[in-house]
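Biologist: Please take a close look at one part of this model, namely the cysteines and their setting. I should like to know how many disulfides the structure holds, and why.

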Amino acid sequence: MTNPRTIVRLDPSTPLPCSIMAPDGGTCGQPATVAYARLLPPTGMWATPGLWELQPVCAECTQRTQAHYEQETPYP
């Protein structure tokens, strides 16, 4: 696998709280049915090969991020 990060769809009946940082320093916390996932390298004494980390992202945070990147000026 060349890119160990992917996007996964969560079951809408069991959403996870959005983990994107909120302006107040906490996390958004809204229900999220999509998550970024990345394969973690096996490290440490109790290494678990094949361990994945999920970062749930709600629809509102996804749209806000997309709008932010659309406004950025591309590098020359």
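**The cysteines and their surroundings**

Modeller: Read from the N terminus, the elements of the protein chain follow the order β-β-β-β-β-α, which amounts to five strands and one helix. Helices (H or I, at least four residues) and strands (E, at least two) are DSSP runs, numbered from the N terminus. The model is predicted, so that local features need pLDDT of at least 70 and side-chain atom pairs count only at pLDDT 80 or more, whereas totals for chains, interfaces and linings use all residues. Residues are numbered from 1 along each chain as its sequence is written, and side-chain values use heavy atoms, with hydrogens and water left out.

On your main point, the structure holds zero disulfides, a disulfide being a pair of cysteine sulfur atoms within 2.5 Å. The sulfur of C28 has its closest cysteine sulfur in C61, at 3.8 Å, which is too far for a bond. C61 is likewise in no disulfide; its nearest cysteine sulfur belongs to C58 and is 3.7 Å away.

The two residues differ in burial class. In these terms, buried means under 20% relative accessible area, exposed over 50%, and partly exposed in between (1.4 Å probe, protein chains only). C61 is buried, at a relative accessible area of 3%, while C28 is partly exposed, at 25%. For the protein chain as a whole, 13% of the 76 residues count as buried.

C61 also belongs to the largest nonpolar core, whose five residues are C18, A32, V57, C58 and C61. Such a core is a set of buried Ala, Val, Leu, Ile, Met, Phe, Trp, Tyr and Cys residues joined through side-chain atoms within 4.5 Å. Within this core, C18 deserves a closer look. Leaving aside residues up to four places away in sequence, C18 touches T27, C28, G29, Q30, A32, P56, V57, C58 and C61, where contact means heavy atoms within 4.5 Å.

The next residue to consider is S19, found in the loop between strand 2 (16-17) and strand 3 (31-32). S19 is partly exposed at 28% relative accessibility, and with the same exclusion of residues up to four places away, S19 touches T27, Q55 and P56. Q30 offers a useful reference point here. S19 and Q30 are 11 residues apart in sequence, with their C-alpha atoms 8.5 Å apart. A59 and Q30 are 29 residues apart in sequence, with 8.9 Å between their C-alpha atoms. A59 itself lies in helix 1 (residues 59-71) and is exposed, with a relative accessible area of 54%.

Salt bridges complete the account. The count comes to two, a salt bridge being a side-chain nitrogen of Lys or Arg within 4 Å of a carboxyl oxygen of Asp or Glu. One of them joins the side chains of E53 and R38 at 2.6 Å, N to O. Because E53 lies in strand 5 (residues 52-57) and R38 in strand 4 (residues 34-39), this pair ties together parts that are 15 residues apart in sequence. E53 is partly exposed at 35%, as is R38 at 40%. R64 and E60 also meet in a salt bridge, at 2.8 Å, N to O. R64 and E60 are four residues apart in helix 1, and therefore separated by about one helical turn.
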